[in-house]
Amino acid sequence: MDTTPRFPTLRLVQHPLVQHKVTLLRDQQTPTKIFKELVDEIAMLMAYEATADLPLEAVPVETPLEKTEGRQVSGKKLTLVPILRAGLGMVEGILRLVPAARVGHIGLYRDHDTLEPVDYYFKVPGDTSERDFFVLDPMLATGGSAVSAVASLKRSGASRIRFLCLVAAPEGVKKLADAHPDVIVYCAALDRELNPQGYILPGLGDAGDRLFGTR
Ligand code: PRP
Ligand code: URA
């Protein structure tokens with residue numbers, strides 16, 4: 001996993017399987033069913049990287065032969081927080097890796113004219129101050145949605161927050177880092193720029209529409 005000096009909060013997941021699958025995602029010919037499967041698989045592979053430094057604690061375990069000491073992830077259950085809608089596509093893949101994780105939801109959409117986030121739903125498990133949160137959204141474009149989602153989580157008491165996305169624009173990474181420098185961002189691709197409509201270039205188009213077959 002790479003860090004870039006330009007963006008100290010960014011962690012680029014360079015694994016060949018992730019890069020291969022992101023290329024398939026970008027392809028405009030990729031149909032909805034495959035697109036959904038790819039988002040699910042990439043999210044799982046990214047979660048493997050993003051959980052690499054979770055703290056462990058010693059626990060006793062009895063094998064069929066003797067007692068020994070094992071290690072388990074310590075603390076309260078990890079909490080996944082997809083940003084609706086497109087973040088939903090990343091949940092199941094990560095749950096296959098961390099089946100005990102809790103799932104909260106943040107509802108946000110970008111106003112088409114202003115590109116400002118409009119929030120409409122917030123529900124996360126209690127004990128927020130004791131949990132590690134993974135905010136999920138395939139796209140980090142202007143960064144408005146990510147900044148707003150993280151701010152809502154912090155208002156509810158959360159302090160340990162990571163952001164997992166598939167494709168990021170430099171503008172969004174900077175905006176999120178300026179507002180929340182404590183939030184590490186994991187992404188599979190750092191793209192070139194935003195177009196005037198706020199879409200990432202080269203990007204993959206509208207992630208929500210491609211996941212759910214809407215347009
Ligand atoms: C997309 C995407 C992010 C947001 C990113 O959602 O899934 O949530 O845009 O853009 P930003 O970084 O400029 O805020 P959208 O608003 O299209 O909503 P949807 O998932 O309901 O389609
Ligand atoms: N949201 C998307 O779904 N795609 C983009 O390129 C930008 C925001």
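A charge sits over a ring if NZ of Lys or CZ of Arg is within 6 Å of the ring centre and within 35 degrees of the ring normal. With that criterion in hand I looked for such a contact in this predicted model, and I found Arg 110 over the face of Tyr 199, at 5.7 Å from the ring centre.

**Aromatic rings**

I next asked how many aromatic pairs the structure holds, and the count comes to 1. The pair is formed by Tyr 109 and Tyr 120, with 6.1 Å from centre to centre and 35° between the planes, and I noted it as tilted. Since planes under 30 degrees apart count as stacked and those over 60 as edge-to-face, the angle between these two rings falls in the remaining class. I then placed the partners: Tyr 109 belongs to strand E7 (residues 105–110) and Tyr 120 to strand E8 (residues 117–123), so the pair ties together parts that are 11 residues apart in sequence. Looking up accessibility, I recorded Tyr 109 as partly exposed at 44% relative accessible area, and Tyr 120 likewise as partly exposed at 46%.

**Pockets**

Which residues lie nearest the centre of the largest pocket? I listed Tyr 109, Arg 110, Ser 145, Asp 206 and Gly 208, out of a lining of 29 residues. Two of these names, Tyr 109 and Arg 110, I had already met, in the ring pair and over the face of Tyr 199. The space in this pocket is about 640 Å³. The elements that give two or more residues to its lining are strand E5 (79–84), E7, strand E10 (139–140), helix H4 (144–155) and helix H6 (207–212). By residue class I entered the lining as 15 nonpolar, 9 polar and 5 charged.

For the second largest pocket I noted about 240 Å³ of space and a lining of 14 residues, with Leu 54, Val 73, Ser 74, Leu 78 and Val 98 nearest its centre. That lining divides into 8 nonpolar, 3 polar and 3 charged residues.

**Helix H1**

In helix H1 (residues 16–26) I looked up the buried residues, which are Val 18, Lys 21, Val 22 and Leu 25. They cover an arc of only 105° around the axis, so I place them on the same side of H1. On the other side of H1 I found Pro 16, His 20 and Thr 23 exposed.

**Strand E11**

I checked Leu 164, which lies in strand E11 (residues 160–164), and its relative accessibility of 0% makes it buried. From Leu 164 to Ile 184 I noted a C-alpha to C-alpha distance of 8.6 Å, across 20 residues in sequence.

**Backbone**

Most residues other than glycine have a negative phi, and most peptide bonds are trans, so I went through the exceptions. A cis peptide bond, with omega about 0°, joins Leu 84 and Arg 85, and Arg 85 is in the loop between E5 and helix H3 (91–97). The bond from Leu 201 to Pro 202 is also cis, with omega near 0°, and Pro 202 sits in the loop between strand E16 (200–201) and H6.

For phi I noted Leu 115, which is not a glycine yet has a positive value of about 65°; Leu 115 is in the loop between E7 and E8 and, at 19% relative accessibility, counts as buried, the cut-off being under 20%. Asp 127, again not a glycine, has a positive phi of about 55°, and I located it in the loop between E8 and strand E9 (132–136), where Asp 127 counts as partly exposed at 39%.

How values were computed: Residues numbered from 1 in each chain as written. Chains lettered and ligands numbered in written order. Predicted model: local features only at pLDDT ≥ 70, side-chain atom pairs only at ≥ 80, totals over all residues. Heavy atoms only, no water. Phe/Tyr/Trp six-rings, centres within 6.5 Å; stacked < 30°, edge-to-face > 60°. Helix = DSSP H or I, 4+ residues; strand = E, 2+ residues; numbered from the N terminus. Buried < 20%, exposed > 50% of the residue type's maximum accessible area, 1.4 Å probe, protein only. 1 Å grid on protein atoms, 1.4 Å probe; cavity = no way out; pocket = protein on both sides within 12 Å on 5 of 7 lines; lining within 4 Å. Points joined across faces, edges and corners; volume = space filled by probe spheres on them. Nonpolar A, V, L, I, M, F, W, Y, C, P; charged D, E, K, R; others polar. Arc of directions from axis to C-beta.
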